[in-house]
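Trainee: Please choose one part of this model for a close look, and then follow its connections outward in a single careful account. I would like the backbone, the burial and the side-chain contacts to be treated together.

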Amino acid sequence: MIQIPGGTYAIGTDLPDGFSTDKEGPRISVTIGDFFIDETTVTNQEFEKFVAATKYVTEAETFGWSFVFHYFLRDEVKEKSRRVPQLTWWYAVDGADWRHPEGPGSSIKERMDHPVVQISRNDAVAYCQWAGKRLPTEAEWEIAAKGGTDSERYPWGKELMENNQYHCNIWQGDFPITNDLSDGFAGTAPVRSYEPNGYGMYQVIGNVWEWCSNPARIDLADFQYKSATDFWESNQEINDASYATRGGSFLCHQSYCKRYRLAARNGNTGSSAANNLGFRCVKSQ
């Protein structure tokens, strides 16, 4: 884990990049204490150790199905699966879970160094409790993800493409139909792909959405008077409320989801899992 120094930091943005309903701004200052954060999102290998030690069964396994993006499914699987209303490129696929991210026939055997996916927030909380860690608040996540910079968009600079190179794993091409794989990946990438930020954290932008401890779309000002410990202690019960996610994923594209930015905010219900949902842990000083 990497130590992030406590202090007063700016979070949020006044740039017109996001969605007003996400409450990305106005930019404010928050004061936090020292904390440690994982270099990478939790990998399949790390989650496998947790399951072996605890016999934990994820919610996707309990439900018997989970969400998978259409691009990764064969036609015969689509015919047997249910489309998600108003998001017709997502399917509820029987047998999709962390060991089988795209459903039956898929495997993590060659992806042990990739982020674990098909993880609900409730699953992430269970892992944290076992590991003696917790989920970050959005404020902690954003401060750490900036890597010591004052950037509001990307830890590497102001533009997505710097020096004509890709620095994260997102969708390139005609979303949601054609992915030209310009960054080298269709789905998840190994967790140490691309260069780390200034603190040594890998892939804070793109790859997988990362669960946070606080409810989704709360006012940024809430982080000025409520501590990370407060958020964690009051949000560990298994439930289906909406919780924050950060960082974007390999499915983000400028035509639809421009949330692959440091200040971007999103959320999902606590029991939701998908093949682009993962997490990383933090620990208080």
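**A loop residue and its surroundings**

Mentor: Glutamine 118 is found in the loop between strand E7 and helix H4 (121-131), and since the model is predicted, what I say about this residue describes a computed backbone. Its phi is positive, at about 60°, although the residue is not a glycine. That deserves a second look, as most residues other than glycine have a negative phi. With a relative accessible area of 0%, glutamine 118 counts as buried.

A useful counterpart is glutamine 86, a residue other than glycine with a positive phi, near 70°. Glutamine 86 is placed in the loop between strand E6 (82-84) and E7, and its relative accessible area of 79% makes it exposed. A positive phi is thus found here in a buried glutamine, number 118, and in an exposed one, number 86. Just after helix H5 (residues 138-145), a glycine, number 147, also takes a positive phi, of about 65°. Helix H5 itself is mostly covered, with eight of its eight residues buried, and among these are Glu138, Glu140 and Glu142 as well as Trp141 and Ile143.

From E7 we can move to the largest pocket, which holds about 550 Å³ of space. Strand E7 (87-94) is one of the elements that give two or more residues to the lining of this pocket, along with strand E5 (65-69) and strand E12 (266-269). The lining is made of 24 residues, and those nearest the centre of the pocket are Leu87, Trp90, Asn266, Asn268 and Asn276. By class, 15 of the lining residues are nonpolar, seven are polar and two are charged.

The aromatic contacts continue the picture, and 23 aromatic pairs are counted in the model. In one of them, the ring centres of tryptophan 65 and phenylalanine 67 lie 5.0 Å apart and the planes meet at 85°, so this pair is edge-to-face. Tryptophan 65 is partly exposed, at 27% relative accessible area, and phenylalanine 67 is partly exposed too, at 24%. Phenylalanine 69 and phenylalanine 175, by contrast, have ring centres 5.7 Å apart and planes at 20°, so they form a stacked pair. Phenylalanine 69 belongs to strand E5, whereas phenylalanine 175 sits in the loop between strand E8 (173-174) and strand E9 (178-179), so the contact ties together parts that are 106 residues apart in sequence. Both of these phenylalanines are buried. They also take part in one aromatic cluster, whose other members include Trp89, Trp90, Trp171 and Tyr256.

Rings here also receive charges. Arginine 82 lies over the face of tryptophan 65, 5.4 Å from the ring centre, and the charged end of arginine 259 sits over the ring of phenylalanine 19, at 4.2 Å from its centre.

Phenylalanine 175 brings us back to the backbone, for the peptide bond from it to proline 176 is cis, with omega near 0°. Proline 176 is found in the loop between E8 and E9. A cis bond also runs from glycine 25 to proline 26, again with omega near 0°, and proline 26 lies in the loop between strand E2 (7-11) and strand E3 (28-32). As a reference for both, most peptide bonds are trans.

Finally, strand E12, already met in the pocket lining, belongs to an open sheet of four strands in the order E12-E11-E10-E13, with mixed pairing. E12 and E13 are the edge strands, each with a single partner, so one side of each has no neighbour in the sheet. Further in, E10 (residues 209-215) has six of its seven residues buried, so it is largely enclosed by the rest of the structure. Three bridges join E10 to strand E11 (residues 242-246) in an antiparallel arrangement, with tryptophan 211 standing opposite threonine 245 and proline 215 having tyrosine 243 as its bridge partner. To strand E13 (residues 277-278), E10 is joined by two bridges, and these strands run parallel; there tryptophan 209 stands opposite leucine 277.

Note on methods:
Residues are numbered from 1 along each chain as its sequence is written. This is a predicted model: local features need pLDDT of at least 70, side-chain atom pairs count only at pLDDT 80 or more; totals for chains, interfaces and linings use all residues. Side-chain values use heavy atoms; hydrogens and water are left out. On a 1 Å grid over the protein atoms alone, a cavity is a set of points where a 1.4 Å probe fits but cannot get out, and a pocket is an open set with protein on both sides within 12 Å along at least five of seven lines; lining residues have an atom within 4 Å of a point. Grid points are joined across faces, edges and corners, and a volume is the space filled by probe spheres set on the points. Ala, Val, Leu, Ile, Met, Phe, Trp, Tyr, Cys and Pro count as nonpolar, Asp, Glu, Lys and Arg as charged, and the others, Gly among them, as polar. Buried means under 20% relative accessible area, exposed over 50%, partly exposed in between (1.4 Å probe, protein chains only). Two strands pair if DSSP finds at least two bridges between them. Rings of Phe, Tyr and Trp (its six-membered ring) pair if their centres lie within 6.5 Å; planes under 30 degrees apart count as stacked, over 60 as edge-to-face and the rest as tilted. A charge sits over a ring if NZ of Lys or CZ of Arg is within 6 Å of the ring centre and within 35 degrees of the ring normal.
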